Amino acid sequence: MQADATALAGAIASGRLTSTEAMQASLSACEALADLGAVAYTDAARGLDAASRIDAVASDAPPRRMMPFAGVPTLGKDLGGPFAGFPMTAGSRLIARRGGLIDSDLAERFRAAGLCLFGLTTSPEFGLSLASEPAAGPIARNPLAPELSAGGSSGGAAAAVAAGIVAIAHATDAGGSIRVPAACCGLVGLKPSRGLMPAGPHFGNHLAGIASELAVCRSVRDTSLILSALGGEAKGPFPPVARKDAGQERLRIGLLIDTGAEFPTEAERLAVVEAAGRFLEVDGHTLVPVDFSALEAIVATSRRAFADIVCINLADTVARFNLDASKTERLTQAVIERGLSLSARALWQSLNAMVVVSRDLWRLFDGIDCLLCPILSSAPLPVGSFLTDHADTDRHFERMAAFAPLAALANASGFPAVTLPFGADTDGLPLPVQLMAPMGEEALLLRLAARLEQDGRWQHRFPVAGLNA
């Protein structure tokens, strides 16, 4: 049996445990693993109330039958959402933990799926890092090796899921922030197509279309199920995405085992990508070698667009709400300053360049059906590798690019991308791969991801709270 949210939902549905018992197990695990720094805020009373309301409905009643994750405890991210009753700070001392008065459209769908929220996970300040170590605390550590980072910006979510505090958790991705933590912690992380996930009613996490929200998961089946429950009919700001069926045809899989001389990937990380390709080739798929030169220009453009968009967004947020930027980390202040100095023409050029990224990536996919490539250039980095006590924004963004060289490409282009582990290194840390496909092709990605998962090269180290009861 897979130790995942689907299994936990099944145990609750069958009566092997109640939703309240599952919630109590998660709350106990959260307390026992407090030093992991995965969870930034909890409201046990709200969590238990949500669970008791699920328990009050008969398991065979229509409302519960429509809930794929009925009674499963979960956590929101302290950035994105929002979730009513769970005030977010975006990992910053600048924002007091108050508010949390309304659900976003996505939060409503989380609850409608039967998920029971009891807290918020750690995020770096305003999501500006690929590590989740805000000065306001706590520091999210990797459950597989606590001296290492859990990744960012959804690092707290990934740490909580990998450690088994919860089986599934809300996450967001504007520059790899779902996929990088998932890759660090041995999880499945999908960044959906632009326009597939609801971003309203206020579109606060819009970010010119580079951001998307979903979850970090312990299995491909959980990822498929949460995508079905939350995705579609997003009601803006983009046209609806036409999702395609997975199909059973043999595919042309582009194999990219190079990330360029500027930000190279370690040989072991490239070798596992090739191994995954050879594994899929045995199923009858065709491998098509892809040279990094075909992507180099749009990868670089994606990184620049990401930097410009997050800087101008944060500068506008601080100005619009008249916030005191002096209360933020030094790097955040520099990002705000960079955003304020960005000209309208420069921003317009970045937005136009994103259109070209999408066009050129579509052209690459004229010859392939999906792209198999690395997500991380190395093993998870030590805690403290992404310091925020300096004002060198160029150096910070370069460090992010060096760690996840291809991450921003999916965000700038709007294409979906999924990462999952395909084995472990000699230290027992995950060896992840990334699959990318044209917009609307999530089913194709998840079909291939499920096939890789079936080989069983990666096993979760920790059980899910409540599932082993």
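## Cavities

The largest cavity holds about 160 Å³ of space. This is a predicted model. Lining that cavity are 17 residues, and the closest to its centre are Gly195, Met197, Ala199, Ala211 and Ser212. By class, the lining of the largest cavity has eight nonpolar, seven polar and two charged residues.

How many cavities of 30 Å³ or more are there? The count is three. The second largest has a volume of about 70 Å³. Its lining includes Pro124, Glu125, Leu128 and Ser129, and also Phe386 and Thr388. The lining of the second largest cavity divides into six nonpolar, three polar and three charged residues. Rolling a probe the size of a water molecule over the atoms is what shows where such empty space is left.

## Strand β6

Strand β6 covers residues 168-173. Six of its six residues are buried, so β6 is largely enclosed by the rest of the structure. Look at the two sides of the strand. Ile168, His170 and Thr172 point one way from β6. Ala169, Ala171 and Asp173 point the other way. Both sets are buried.

Which strand is joined to β6 by six bridges? The partner is strand β8, residues 212-217, and the two run antiparallel. One bridge can be traced by name: Thr172 of β6 has Glu213 of β8 as its partner.

## Helix α6

Helix α6 spans residues 155-163. Nine of its nine residues are buried, and the helix is mostly covered. Among the buried residues of α6 are Gly155, Gly156, Val161 and several alanines, including Ala157 and Ala163.

What covers these buried residues? The cover includes strands β2 (73-77), β3 (116-121) and β4 (141-142). It also includes β6, β8 and helix α7 (179-185). After α6 comes Gly164, and its phi is positive, near 90°.

## Ala160 up close

Ala160 lies in helix α6. Is Ala160 buried or exposed? Its relative accessible area is 0%, so Ala160 is buried: the cut-off for buried is under 20%.

Which residues does Ala160 touch, leaving out those up to four places away in sequence? They are Ala38, Leu75, Ile165 and Val166. Another residue to find is Asn142, 18 residues from Ala160 along the chain. The C-alpha atoms of Ala160 and Asn142 are separated by 9.2 Å.

Definitions and conventions
Residues numbered from 1 in each chain as written. Predicted model: local features only at pLDDT ≥ 70, side-chain atom pairs only at ≥ 80, totals over all residues. Heavy atoms only, no water. 1 Å grid on protein atoms, 1.4 Å probe; cavity = no way out; pocket = protein on both sides within 12 Å on 5 of 7 lines; lining within 4 Å. Points joined across faces, edges and corners; volume = space filled by probe spheres on them. Nonpolar A, V, L, I, M, F, W, Y, C, P; charged D, E, K, R; others polar. Buried < 20%, exposed > 50% of the residue type's maximum accessible area, 1.4 Å probe, protein only. Helix = DSSP H or I, 4+ residues; strand = E, 2+ residues; numbered from the N terminus. Pairing = 2+ DSSP bridges. Contact = heavy atoms within 4.5 Å.
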